[in-house]
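Me: I should like to discuss the open and enclosed spaces of the following structure.

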Amino acid sequence: MHHHTRIGFKSNLGAIAALAGSAVGLGNIWKFPYVAGTNGGGAFLLVYIFFTLAIGFPVMLAEFSLGRRSQQNAFGTFRVLAPDSKWLLFGSLSIIAASLILSFYGTVSGWTLEYVWLSLTNAFQGQHAEEVTSVFNAFLSHPYKALLWQIGFMALTAAIIMGGVQKGIERYSKIMMPLLFVIIIALCINSMTLTGALEGLRFLFLPKFSELTANSILSALGQAFFSLSVGMGILLTYASYLPKTDNLTTTSLKVIVTDTLVAILAGMAILPAVFSFGIDPQSGPGLVFLTLPQVFQGLPGGTVWAVLFFLLLTFAALTSAISLLEVPVAYLVEEKKLKRPTATLLATLVITVIGSFNTLSFGPLKHVKIFGMNIFDACDYLCSNILLPLGGILICLFAGWYLNKALLYSELSNDHRLKIRFFKLYIFILRYIAPVCIFLILLNVLGLLG
Ligand code: PHE
């Protein structure tokens, strides 16, 4: 292996902020509350936490071990650890998948920026449900407004990535993650003071096992996966910047606890407000953009809360987006020997061009359908429901079967300096439990389990 000095994260805290920043995103704040709500609330939460620990954790640990071992980007990892094998295809797939995810992640992030702007300018003042809905729809079908915000968001993402690992990713994650915590806790406290808050909390925390179907068990697994950013070389790339002295097990536990905590806090901030204002918690993906502007209006200081909320969403989206952009950028720099600024511009340009189809598929390209879905939904479906689970299985199989056990052990134990207690169990999970479980979600989302 060729050793060169590669710039990594400067501090442990910075590394945690970056990793947690990747995991905490739109998945936690926008998706988790309504997915939990429609799948049995408390019971879903328990199953979600179980899967996060039982399957998300081992997969994340495998990605961490691979990335830090190879000291390479997502493609280079397989070039180094599995030279001249079919695994290189998986490396290429990771680069493509991360880029595709960012192409639609940027769409929703762009909407978030528009909503920061609308909140700042008090645009929702005095509007009723129908008006709030028509504002959202008019925005989506506007020929280029959403596209401009997406380009703006991608430019912000590129600006941070251009700064590199320490002066870009680490620095901005260290600023945005604490802010995110402050904002979400403030929103939580505020929500607790609303009349009817208890009903929202009951909805989230009271297990109703009767509502737990096979389908919701599997969506808990899917949600855990997406939320943790595992499956497509994203955490693997970040882990390649971790110092060799870092304890991978405790680091991944910290990331997992933070991610789960933010999902629960988001549920606690949003659901009581939704109940208090008599909004249907099952409004689905539109919940944030359609109902929250209305919720905030009814609050004293509503404009401030609205701005804070959409800023929170922006920070969460941005720290996830940079982790996605870093995947192709690290690839272009290390494999194609491009300079970092050139690589960043090239990757951003390609992703934004692809992304513009996603964004415009709510407006001018509304009529283009792929398997009955618009371009955005098709892209989301392909990435979230097929590529991520597939990537998860492949990582388990690679780390569990292909990779030399001694090598995996030495990476987890920092060359035998740390004591690793459950290694046998870990290998068992990687080889059998995790791949089989993930395979079941995959079948389910493809509609093959009925
Ligand atoms: N984990 C991020 C979120 O919850 C989304 C994401 C998925 C980011 C996959 C990177 C890779 O929003």
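Me: How much space lies in the largest pocket?
Reply: The model is a predicted one. Its largest pocket has 33 lining residues, with Lys-31, Tyr-34, Asp-380, Ser-384 and Asn-385 nearest the centre. The space in this pocket is about 850 Å³.

Me: Which element supplies the largest share of the lining of the largest pocket?
Reply: By class, this lining comprises 21 nonpolar, 9 polar and 3 charged residues. At least two residues each come from α2, α5 (87-120), α10, α16 (375-402) and α18 (423-445). The largest share, 8 residues, is that of α16.

Me: Where is the ligand placed, and which element gives the most residues to the shell around the ligand?
Reply: The ligand takes up the space of the largest cavity. Two or more shell residues come from each of α1 (12-23), α2 (26-38), α10 (214-227) and α14 (302-335). With 3 residues, the element that gives the most is α2.

Me: Which residue places a polar side-chain atom 3.0 Å from a nitrogen atom of the ligand?
Reply: The shell has 6 nonpolar, 7 polar and no charged residues. A polar backbone atom of Leu-26 is 3.0 Å from an oxygen atom of the ligand, and a backbone N or O atom of Ser-22 lies 3.4 Å from a ligand nitrogen. The side-chain contact at 3.0 Å from a ligand nitrogen belongs to Ser-229.

Me: Which element gives the largest share of the lining of the second largest pocket?
Reply: This pocket holds about 440 Å³ of space. Its 19 lining residues include Phe-57, Leu-61, Thr-249, Phe-422 and Tyr-426, the closest to its centre. The largest share, 5 residues, comes from α3.

Conventions. Residues numbered from 1 in each chain as written. Predicted model: local features only at pLDDT ≥ 70, side-chain atom pairs only at ≥ 80, totals over all residues. Heavy atoms only, no water. Polar contact = N/O pair within 3.5 Å; in protein donor to acceptor, adjacent residues only side chain to side chain. 1 Å grid on protein atoms, 1.4 Å probe; cavity = no way out; pocket = protein on both sides within 12 Å on 5 of 7 lines; lining within 4 Å. Sits in = over half its atoms within 2 Å of the grid points. Helix = DSSP H or I, 4+ residues; strand = E, 2+ residues; numbered from the N terminus. Nonpolar A, V, L, I, M, F, W, Y, C, P; charged D, E, K, R; others polar. Points joined across faces, edges and corners; volume = space filled by probe spheres on them.
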